[in-house]
Amino acid sequence: MINWYKNLYVGDTAQKKQKKLIYRIEHGKFTPDVWLITLSTNEQNHLDILPAASLKQPYVKEHLPMIVGLAVSYEESLCVVEHIVKEVYRETGDTKIREWLLSHNSNSVS
């Protein structure tokens, strides 16, 4: 089961087809040039960016951390990460992104 952040951050291009992209990802369809922003697998870091196509690998799908962002193109994923960092800093005056995201995700969407 894929764990989605309840207030998913979505890039401008991805927003136009968000439901379709989520459906394709959930159902294991090939989604070229779609990028996922997840909590980092390494707790010393905050976020990871990975291609949705990597979910075709069973290990990656089984160990996928919570998805907090969705983008179409790597460049758009960088913009989404920048937006997340700015929002967390604006709200807290700090960059504890992982902690902030987890504290604002009381009900995740599946």
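In the predicted model, W35 stands opposite A71 of strand β4, and this pair belongs to the contact between β2 and β4, two strands that run antiparallel and are joined by 5 bridges. On its other pairing, β2 meets β3, likewise in the antiparallel sense and over 5 bridges, with L47 of β3 serving as the bridge partner of L39. Of the 6 residues of β2, 6 are buried, so that this strand is largely enclosed by the rest of the structure.

These pairings form part of an open sheet of 4 strands, which follows the order β1-β4-β2-β3 and has mixed pairing. The edges of the sheet are occupied by β1 (4-10) and β3 (47-51), each of which has a single partner strand, so one side of each is left without a neighbour in the sheet. From one strand to the next, the twist averages 25°. The parallel component of the sheet includes the pairing of β1 with β4 (residues 67-72), which extends over 3 bridges; here W4 is placed opposite I67 of β4.

Two helices are associated with these strands. Helix α2 (residues 18-26) lies across β1, β2 (34-39) and β4, and runs at about 130° to β1. Helix α4 (residues 74-92), for its part, packs on the sheet and touches β1, β2, β3 and β4, its direction making about 140° with that of β4.

Helix α4 also contains E76, a residue that is buried yet has no salt bridge, the nearest side chain of opposite charge being that of K16, 7.6 Å away. With a cut-off of 4 Å between a side-chain nitrogen of Lys or Arg and a carboxyl oxygen of Asp or Glu, the separation of 7.6 Å between E76 and K16 does not qualify as a salt bridge. When neighbours within four places in sequence are left aside, the contacts of E76 are with G11, D12, T13, A14 and A71; A71 is the residue of β4 that stands opposite W35.

The nonpolar interior was examined next. The largest nonpolar core holds 17 residues, of which I2, I25, L36, L55, I67 and L70 touch the most other members. At least two residues of this core are supplied by each of β1, α2, β2 and β4. Another core, of 15 residues, lies apart from it and has L39, A71, V81 and I84 among its members. Two residues of this other core, L39 and A71, also appear in the strand pairings described above, where L39 is the bridge partner of L47 and A71 stands opposite W35.

Methods: Residues are numbered from 1 along each chain as its sequence is written. This is a predicted model: local features need pLDDT of at least 70, side-chain atom pairs count only at pLDDT 80 or more; totals for chains, interfaces and linings use all residues. Side-chain values use heavy atoms; hydrogens and water are left out. Two strands pair if DSSP finds at least two bridges between them. Axes are lines fitted to C-alpha atoms, for helices over the stretch in contact, and angles run from 0 to 180 degrees between N-to-C directions. Contact means heavy atoms within 4.5 Å. Buried means under 20% relative accessible area, exposed over 50%, partly exposed in between (1.4 Å probe, protein chains only). Lys and Arg count as positive and Asp and Glu as negative; His and the chain ends are not counted. A nonpolar core is a set of buried Ala, Val, Leu, Ile, Met, Phe, Trp, Tyr and Cys residues joined through side-chain atoms within 4.5 Å.
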